[in-house]
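Please open the model in a viewer and follow the selections below in order. The tour begins with a sheet and then turns to charged side chains.

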Amino acid sequence: MNTTTENIREGVDVLRQFLIPRAFTARLIEFINKEGIFSVIGEMGRFTKEDFCEALSKRLRYKTEDRARKRMVNVLLDFLEECSQVFHRFSHGTPEIYTYNRGAKLPSPLSRTEIETIEKIFSDQYLFFEKCINYAGDFLRGGNYLHSFSQGMESVWDRFLGNYEFSFARDILLRAMAIDKKPGYKIMDLCYGTGQGLKAIIEYFPDAYITAIDFTDTMRSFAQERIGSNAAKIQWVDATKWVGFGDNLPFEDITFDRIFFSCGDPYIPQHMREGVYKEIFRILKPGGILGVVAWGYPDKGKKRIQNSWIRRSIYIHDFAESVCKGWHGFNDIESRIKMARDIGFAESSLFNNFYMLDSAIWMFKRT
């Protein structure tokens, strides 16, 4: 068995212990209890999503009239349903009715060995989520965003974006994107951030022409320091030439063989999503591949994402990162696939499918 396969299996085995969702299921339920949310839903008994938002607004002073905070509350309700803390009934044409389940059990606590594994491997992800959840109550009551992509935030984002789960996902995706690589490929890292992806791109595409673009230059020096002498190989696009999602990408049609887009998708405003992906389609060469790292939001029918710990993990992540400026949340899988097909992306020949690893890793091929 080759080392690459062994490393992949080892990584999957580590992630399949579900240590982060197991730890944060208890942590988020603790937050819900301390905030008084269980008391609110206990008093309501039966309620709709709108009832839930209205009650939290009146009782806990949550600013649920705000889009970001209302979505955050709805994610919390989906999380409670996944944990069997609430049940819901749906009849066609009528609102979903939720009922509080007072007898729901909490997950078993982690063992000392599992806690040590978190401390050793998942500490950056754990600390980021913990800080976000600690602040979530203040944010829901109208506090400012906890994190942004402004100067001084570089180390915060670098530690989080470099966490084990994200690093493994980037590695798997870039391995797949490099299967049929050729010398002289043109590759773009869209929203390069602190350079975690760029460093991996250089490893998998050492002979490629690499372009790096982001809506801010705040983290460029940080990224350049990370990749050292290889920074000179990269074409860095000045942020004045692309101000962010909704602005046309400053490249000619059919320019790139590969586009790598890691962790930026949930920061695209909903009304801009199709336009953003049309721009990506425009600058890809025929046969070019777009690789995306971004969770798909769990589907109610559990056809796309069935594992309960994965579903909880996505809800926890979505809720926690909601306190960060610009976060618009994970998008459902069906609408993502439909959008890609409507734009003109074809099934990738590398995988005979829009490739997904637990709905977090995606490859779209331009026809």
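In this predicted model, begin by selecting the open sheet of three strands, which are arranged in the order β1-β3-β2 with antiparallel pairing. Colour β1 (46-47) and β2 (86-89) as the edges, since each of these strands pairs on one side only. Next, select β3, residues 97-100, which runs antiparallel to β1 and is joined to β1 by two bridges. Within this pairing, display Phe 47 and Tyr 98: Phe 47 stands opposite Tyr 98, a residue of β3.

Now add helix α5, residues 67-82, which packs on the sheet and touches β1, β2 and β3. Viewed against β2, the direction of helix α5 makes an angle of about 100° with that of the strand.

The next stops concern salt bridges, of which the model contains 30. Side chains of opposite charge can pair when their charged atoms come close.

Select Glu 43 and Arg 59, whose side chains meet in a salt bridge with an N to O distance of 2.5 Å. Glu 43 lies in helix α3 (residues 37-44) and Arg 59 in helix α4 (residues 49-60), so that the pair links parts of the chain 16 residues apart. Are these two side chains buried or exposed? Glu 43 counts as exposed because its relative accessibility is 59%, and Arg 59 counts as partly exposed because its value is 44%.

Move on to Arg 226 and Asp 158, where a salt bridge is again formed between the side chains (2.5 Å, N to O). Here the connection runs from helix α11 (residues 220-227), which holds Arg 226, to helix α8 (residues 154-161), which holds Asp 158; the two residues are 68 apart in the chain. With a relative accessible area of 25%, Arg 226 is partly exposed. Asp 158 is buried, because its relative accessible area of 11% falls under the 20% limit.

A further pair to select is Asp 253 with Arg 282, a salt bridge of 2.8 Å from N to O. Asp 253 belongs to the loop between β6 (234-236) and β7 (256-262), whereas Arg 282 sits in helix α12 (residues 273-283), 29 residues away along the chain. Asp 253 is partly exposed, at 46% relative accessibility.

Finally, select Arg 27, Glu 30, Lys 34 and Glu 130 together: salt bridges that share partners join these four residues into one network.

Methods. Residues are numbered from 1 along each chain as its sequence is written. This is a predicted model: local features need pLDDT of at least 70, side-chain atom pairs count only at pLDDT 80 or more; totals for chains, interfaces and linings use all residues. Side-chain values use heavy atoms; hydrogens and water are left out. Two strands pair if DSSP finds at least two bridges between them. Helices (H or I, at least four residues) and strands (E, at least two) are DSSP runs, numbered from the N terminus. Contact means heavy atoms within 4.5 Å. Axes are lines fitted to C-alpha atoms, for helices over the stretch in contact, and angles run from 0 to 180 degrees between N-to-C directions. Buried means under 20% relative accessible area, exposed over 50%, partly exposed in between (1.4 Å probe, protein chains only).
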